[in-house]
Amino acid sequence: MRQIVRILLSVALTLFIQTGPVRADAVGKPTVVSGDVLEVAGQRVQLYGVDAPELDQICIADRRRFNCGHIAKTALMDLVAGAEVSCKIILDKKADLATAICTAGGFDIGSNMVHTGWALADRKLSEKYVTIEDKAREARRGLWRGQFIPPWKWRER
């Protein structure tokens, strides 16, 4: 019996050393970093399944240029204002940024950002918000009121 316990402990320690500790979920008052990144309880998290314009990204509506990255950030600030945010960490992209499904007042923040048209569904990562994006496009909400370059293409430039 002791030998089995030693083997199990050895395997658990090996897995811990190889993969590192799993990040805990984050809960607290958020700080908005961009249209799809929050800092909650000292952890930076990117909203799972969505991609918002970059902070310096320019879009066009009614033949006028505007900073849609700043407006996406402001939209996210509006969604989480005064709320406690709860983020379920899905995966770590890199040491300083995890991907998470975050909620405020029981509502999915990523879903709301796509619904308002200030973020797009990240189809490479998930199909979770595609239907919501289609409805935002049809209703011409947010980014869909004008012309924009998808954030992933903007970053390639």
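The exercises below work through a predicted model of one protein.

Residues are numbered from 1 along each chain as its sequence is written. Since the model is predicted, local features need pLDDT of at least 70 and side-chain atom pairs count only at pLDDT 80 or more, while totals for chains, interfaces and linings use all residues; side-chain values use heavy atoms, with hydrogens and water left out.

**Exercise 1. Confidence**

Task: State the mean pLDDT of the protein, and find what the model holds over residues 4–22.

Solution. Step 1: pLDDT is the predictor's confidence in each residue, on a scale from 0 to 100. Step 2: the mean for the protein is 86, and 82% of its residues reach 70 or more. Step 3: residues 4–22 have a pLDDT below 50, and beyond near neighbours in sequence this stretch has 2 contacts in the model. A contact here means heavy atoms within 4.5 Å. Step 4: where pLDDT is low, predicted coordinates should not be read in detail.

**Exercise 2. Overall make-up**

Task: Describe the protein by its secondary structure, its buried share, its contacts and its exposed area.

Solution. Step 1: elements are DSSP runs numbered from the N terminus, with helices (H or I) of at least four residues and strands (E) of at least two. The protein has 5 helices and 11 strands. Step 2: a residue is buried under 20% relative accessible area, exposed over 50%, and partly exposed in between (1.4 Å probe, protein chains only). Of the 157 residues in the protein, 40% are buried. Step 3: among contacts with a separation of 6 or more, 56% are between residues 24 or more positions apart. Step 4: about 9600 Å² of the protein is exposed, and carbon and sulfur atoms supply 55% of that area. Areas come from the Shrake-Rupley method with a 1.4 Å probe, and for residues only the protein chains shown count as cover.

**Exercise 3. Strands E2 and E3**

Task: Work out why strand E2 is largely enclosed, and how E2 and E3 are joined.

Solution. Step 1: strand E2 covers residues 30–34, and 4 of these 5 residues are buried, so the rest of the structure largely encloses the strand. Step 2: two strands pair if DSSP finds at least two bridges between them. E2 and strand E3 (residues 37–40) run antiparallel and are joined by 4 bridges. Step 3: opposite Thr31 stands Glu39 in E3. Step 4: with 2 residues between them, E2 and E3 form a hairpin.

**Exercise 4. Disulfides**

Task: Which cysteines does each disulfide join, and what is the handedness of each?

Solution. Step 1: a disulfide is counted when two cysteine sulfur atoms lie within 2.5 Å. A search of the whole structure gives 2 disulfides. Step 2: one joins Cys59 to Cys68, with an S to S distance of 2.0 Å. The torsion about this S-S bond is about 55°, so the disulfide of Cys59 and Cys68 is right-handed. Cys59 and Cys68 are both buried. Step 3: another disulfide joins Cys87 to Cys102, S to S 2.1 Å. Its torsion is about 110°, so the disulfide of Cys87 and Cys102 is right-handed. This pair links distant parts of the chain, 15 residues apart: Cys87 is in strand E8 (residues 85–94) and Cys102 in strand E9 (residues 97–104). Cys87 and Cys102 are buried. Step 4: counting bonded cysteines along the chain, the pattern is 1-2, 3-4.

**Exercise 5. Salt bridges**

Task: Count the salt bridges, and trace the partners of Asp25 and of Asp134.

Solution. Step 1: the rule asks for a side-chain nitrogen of Lys or Arg within 4 Å of a carboxyl oxygen of Asp or Glu. This gives 8 salt bridges. Step 2: Asp25 meets Lys88 at 4.0 Å, N to O. The two come from distant parts of the chain, 63 residues apart, with Asp25 in the loop between helix H1 (2–19) and strand E1 (26–28) and Lys88 in strand E8. Asp25 is partly exposed at 42% relative accessibility, and Lys88 is partly exposed at 48%. Step 3: Asp134 forms a salt bridge with Arg123 (3.8 Å, N to O). Asp134 lies in helix H4 (residues 130–139) and Arg123 in the loop between strand E11 (120–121) and H4, so the pair ties together parts 11 residues apart in sequence. Step 4: Arg137 also forms a salt bridge with Asp134, the closest N and O atoms being 3.1 Å apart. Arg137 and Asp134 are 3 residues apart in helix H4, which means a separation of about one helical turn. Step 5: Arg123, Glu133, Asp134 and Arg137 are linked in a network of salt bridges.
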